[in-house]
Structure formats: structure tokens, C-alpha cells
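Student: I have a model open and would like to learn how to read its empty spaces and its helix packing. Can you walk me through it?

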Amino acid sequence: MTATLERPAESRVPIAVPTISRMVGVGTAVTGTSVSQPELLELLGIEDSKVRSVYLNSAIANRRLTLPAPGADGLRRPEPQGELLAKHKRLAIEMGGQALRNCLTSIGASLEDLRHLCCVTSTGFLTPGLSALIIKDLGIDPHCSRSDIVGMGCNAGLNALNVVAGWSAAHPGELGVVLCAEACSAAYALDGTMRTAVVNSLFGDGAAALALVSDGPGEARPGPRILKFASFLITDAVDAMRYDWDSDLDRFSFFLDPQIPYVVGANAEKVVDRLLAGTGLRRSDIGHWLVHSGGKKVIDAVVVNLGLSRHDVRHTIGVLRDHGNVSSGSFLFSYERLAEEGVTMPGDYGVLMTMGPGSTIETALVQW
């Protein structure tokens, strides 16, 4: 079955593309304590002026975090890796389950309707995967098929969308869900170094779920159709974002190269041009941009290199301000805000963009 992708002007030639699936519902959830950047600096006892400036110039107002309780001396000490993994499991199940229920409620569906669950997480390792734990915890039909995407980082929400879109196309009319659950508090290293500050000043806890259904014969559900994906792996920057073992801390530690915003910005055009290639569309034809809330400098670099306006990325900016970087689910927090805004029109085009370790840029083209 095919759908017709048309450029807005009547003179443009329609292009036939496969109908993959539709984004029919979205839901988000957060947990923990809402903490402002100045409050977090005080909680962590950070006094170095250069480190403090990283927090205070982040364009983040508040984030949700679950930090260790203070000791008798009032100080919060780093949790050992085992406790961090346990926290990741607990928070991912809690937030993920709530985001999934919120998503299903948004479309009048129930857990009994779910046929495929794809879970994404990068802030801890679980075997069995989060999908199995969510299915057991919520009492979902154990015949529900599932998949897990682990360790791909902030870009992974679109990798999961690609997987579930393919599943949806093979199962018309059946409900699949992408669930991103990121307990970033479980990846914190509580010290005052600049390396740690780049990470600790940015990430927050959050989960987001997206429901997908493919149209059957003669059906046309509401929600944007997923038309195309494009990816780009920046191999020269493979170590610029990583989560690996730190022997000094005796635990896993996340590293972000300060140059990563410029690396992402310099390659944003390349992958967007590939996404639009063969569609007859120009960047100016895209009415809605949902970009990963990777940080102020990342957003600025994408805006400059793609020629976007601040209005184009208003929801990306808003999510960063209110939640920080919630990793793989960030773009879905933005999509939820766009859906609530109610400004999309039939025929509008949108581009989804996520960035993460690899270094990787993932994109998807959708049409309402």
C-alpha cells in the first residue's frame, strides 16, 4: 500500500512512498523532586565559579531528579554502581508505566489493546529488559511482542520509532508503543569537576510514550503519517559522547565533549538534506520542527545551521527549560506540546531530529 507525498505547490509532482504508520497518541511522565539550577548547586555544595557558570547559563529552569539523601553532616555522597542500577530499574518502571498509561489514555485505549512494546533506555542496564519488567508490572498480556533498545543514548527514540513503524506496517490496525524511560539521576557522578558539571547541569529524569497504528484498507486515522527516516553517524566523533567505566570513580560515567554542539550543528544540514532528497520538499516546506533538547548550545547550533527561527524550536526550548535534557524521550515531550497546541493542519510536514552518541543524528519526516 502506498501514500502520496505532495509538495505544497500544485505544480510539484506527487511522489509515491510507502505508508509506514501513524503517530496516534503520546504521553509523558516525570518523577522525583523538581530542582532549580541554583538549588542544585547548593545541594551539591559546588562553589567553583567556573563550574557554577555551567549550571547557571544552561537555559534550564527546573529538572526532576532523584538524588541520594544527605548524610548526618548534610552532604550527599555518590551512590555505588549497584545502588545506581537499582535506582534506574525502580524509576524506569515507575515513570515508564505512568507514561505508557498516559499515552493509552490519550487515545482511549487500554493495556489490553497493546500488541507491541519497544522500550528505550540508556541510563542503566537491565536483563531481562525494561519491556519485560513493564509487561509484568502492569499486567500486560504476556503474549505482547516486545523489543528493547539499550545504550544508544539520546538519539535512540527515533531508532525505536523506526523499529515500531516497521512492525506497525506489518500489522495494520494493531497498536504498538515506543516507550522511552530515562532515569538520568542514575547516571550522576556527584563531584565538582568540570567533566561532571557538563553532564550534571543538563540531564533530568523523564519518560515518554508514543502510540503507533498503521491504517488498514480504507482507513484513515488522525495523526501524522511517518514517511521517511534518515540517519548519519559522525564517525570522526565516535568518542565525543560516551557512557563507559570510570576506574577512578569505580562506576560508569557519562562524558560529553564540549565541542559536541558544533559537531552536531556542522552535520545537521547533511542528514536533513538526505531526509528530504527525492521528496520534492525544501526545508522551507517544513512547518514543524521537533528537535532533541540536547542543550542550549546544541539547539543554537541546529537553528543556525538549518536556518530555523526560535519559533520553529519553541517546544524544544520549552522542554529544555522545564525538564532539562531527558535523553531519548526529549523529542516526544516536544511532540506532546505541539499536539496540545493544536496548530497543525492537514497536509503539514514535520521533521523529528535526535542526536546522541556515535556521534549520531537521526531524523524522520512526517505529514499530518
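**Spaces and a helix crossing**

Tutor: Let's begin inside. The largest cavity has a volume of about 50 Å³. Keep in mind that this is a predicted model.

Student: Which residues line the largest cavity?

Tutor: Gly287, His288, Trp289, Leu290, Asp312, Arg314, His315 and Leu338 do. Strand 13 (288-291) and helix 9 (314-323) are the elements that give two or more residues to that lining, and strand 13 has the largest share, with three. Sorted by class, you get three nonpolar, three polar and two charged residues.

Student: How many cavities of 30 Å³ or more does the structure hold?

Tutor: Two. The second largest cavity has about 40 Å³ of space, and its lining is Ala187, Ala189, Arg195, Thr196, Val199, Asn200, Ser253 and Phe254. Helix 6 (194-200) gives the most here, four residues, while strand 12 also supplies at least two.

Student: Now the pockets. What is the volume of the largest pocket?

Tutor: About 590 Å³. Its lining counts 27 residues, and the closest to the centre are Val198, Leu202, Pro261, Gly295 and Lys297. Several elements give two or more residues, among them helix 2 (49-56), helix 7 (260-276) and strand 14 (349-356). Helix 8 has the largest share, four residues. The class split is 14 nonpolar, nine polar and four charged.

Student: And the second largest pocket: where is its centre, going by the nearest residues?

Tutor: Look for Ser122, Thr123, Gly151, Tyr243 and Phe254, which lie nearest the centre among 23 lining residues. The volume is about 380 Å³. Strand 11 (241-246) brings the largest share, three residues, and the lining has 15 nonpolar, seven polar and one charged. Phe254 also turns up in the lining of the second largest cavity.

Student: Next, helix packing. What describes two packed helices?

Tutor: The angle between their axes and the distance between the axes. Here, take helix 3 (residues 81-106) and helix 4 (residues 130-138): their axes come within 10 Å and cross at roughly 65°. The two helices are therefore roughly perpendicular to each other, and the crossing is right-handed.

Student: Which residues meet at the contact of helix 3 with helix 4?

Tutor: From helix 3, Lys89, Ala92, Ile93, Gly96, Gly97, Leu100 and Arg101; from helix 4, Leu130, Leu133, Ile134, Asp137 and Leu138. Those contact residues divide into seven nonpolar, two polar and three charged. Helix 3 also supplies at least two residues of the lining of the second largest pocket.

How values were computed: Residues numbered from 1 in each chain as written. Predicted model: local features only at pLDDT ≥ 70, side-chain atom pairs only at ≥ 80, totals over all residues. Heavy atoms only, no water. Axes fitted to C-alpha atoms, helices over the stretch in contact; angles between N-to-C directions. Parallel < 35°, antiparallel > 145°, perpendicular 65-115°, else oblique. Left-handed = near helix turned anticlockwise from the far one by under 90°. Contact = heavy atoms within 4.5 Å. Nonpolar A, V, L, I, M, F, W, Y, C, P; charged D, E, K, R; others polar. 1 Å grid on protein atoms, 1.4 Å probe; cavity = no way out; pocket = protein on both sides within 12 Å on 5 of 7 lines; lining within 4 Å. Points joined across faces, edges and corners; volume = space filled by probe spheres on them.
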